[in-house]
Amino acid sequence: MRIPFYWLLSLFLMVATAALFAAFSTSLWFLVLGRFPAPMLWLIVIVYMSVTRPLWEATMMVYLLTLVNASFTAFPFEGMLIYSLAMMVILILIRERVFWGGPTFFMLMVGVASLSAPILFWLCSRWFDKNPLFIPEVFDWLIGGLLTLLFSLPVYRLYQWFDKVSLLDAGSEGRVGPR
């Protein structure tokens, strides 16, 4: 089986931007803005892959993104993997039930992911972490989710451009959604 070059280009661009987003969210943000909650930019990549790609491709990308994101956190790898896969399943279930193309649907899905991410993180922390999260920082989670939602539209346009460069359907509305 021959793997197309443009599909590999798309894969590389997504993983590279995920690494840049994770580095920005975990390092540079705190150097510049201190203790102010950072947006979950890496979550936007998971949302884009879950919303615009078929199941096998989204699952493979979630595994790769978990490998990239795990190096930026002290959270155990297995917890991060379960967390990312659970987020992907939630997003795919919503996508299969309700779908329309364009940035409004993408921003809705980023909003759903931003609201469910802290809850999933808290649950995975309770199950997998040696020092689980006891006191949720609700204010930080809400601010981080709102900032993530704010960053989602420019990132969506960037990923549409990546899809155009790699000769994939921009947004891939024809391949996913309710059947």
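Leaving out neighbours within four places in sequence, Leu65 touches five residues by name: Met14, Val15, Ala18, Val45 and Ile46 are in contact with Leu65. This is a predicted model, and Leu65 makes a good place to start looking around. The residue sits in helix α3, which covers residues 55–70. Is Leu65 buried or exposed? Its relative accessible area is 1%, and because anything under 20% counts as buried, Leu65 is buried. Phe12 is 53 residues away from Leu65 in sequence, while their C-alpha atoms lie 11 Å apart in space.

Val45, one of the contacts of Leu65, also takes part in the packing of two other helices, α2 and α6. Here are the helices met in this report.

| Helix | Residues |
|---|---|
| α2 | 41–52 |
| α3 | 55–70 |
| α6 | 138–165 |

How do α2 and α6 meet? Their axes are 10 Å apart and form an angle of about 50°, so the two helices are oblique to each other. Their crossing is right-handed. On the α2 side the contact is made by Leu41, Ile44, Val45 and Tyr48, and on the α6 side the residues include Thr148, Phe151, Ser152 and Tyr159.

Now follow α6 along its length. With 28 residues at 1.5 Å a residue, α6 should span 40 Å, and the 39 Å between its end C-alpha atoms agrees with that. Along the way there is a kink of about 35° at Ser152, shortly before Pro154. Ser152 also belongs to the contact with α2. Just after α6 comes Leu167, which has a positive phi of about 60°.

Terms used: Residues numbered from 1 in each chain as written. Predicted model: local features only at pLDDT ≥ 70, side-chain atom pairs only at ≥ 80, totals over all residues. Heavy atoms only, no water. Helix = DSSP H or I, 4+ residues; strand = E, 2+ residues; numbered from the N terminus. Expected span 1.5 Å × (residues − 1). Bend = angle between axes of the 7 residues up to and from the residue. Buried < 20%, exposed > 50% of the residue type's maximum accessible area, 1.4 Å probe, protein only. Contact = heavy atoms within 4.5 Å. Axes fitted to C-alpha atoms, helices over the stretch in contact; angles between N-to-C directions. Parallel < 35°, antiparallel > 145°, perpendicular 65-115°, else oblique. Left-handed = near helix turned anticlockwise from the far one by under 90°.
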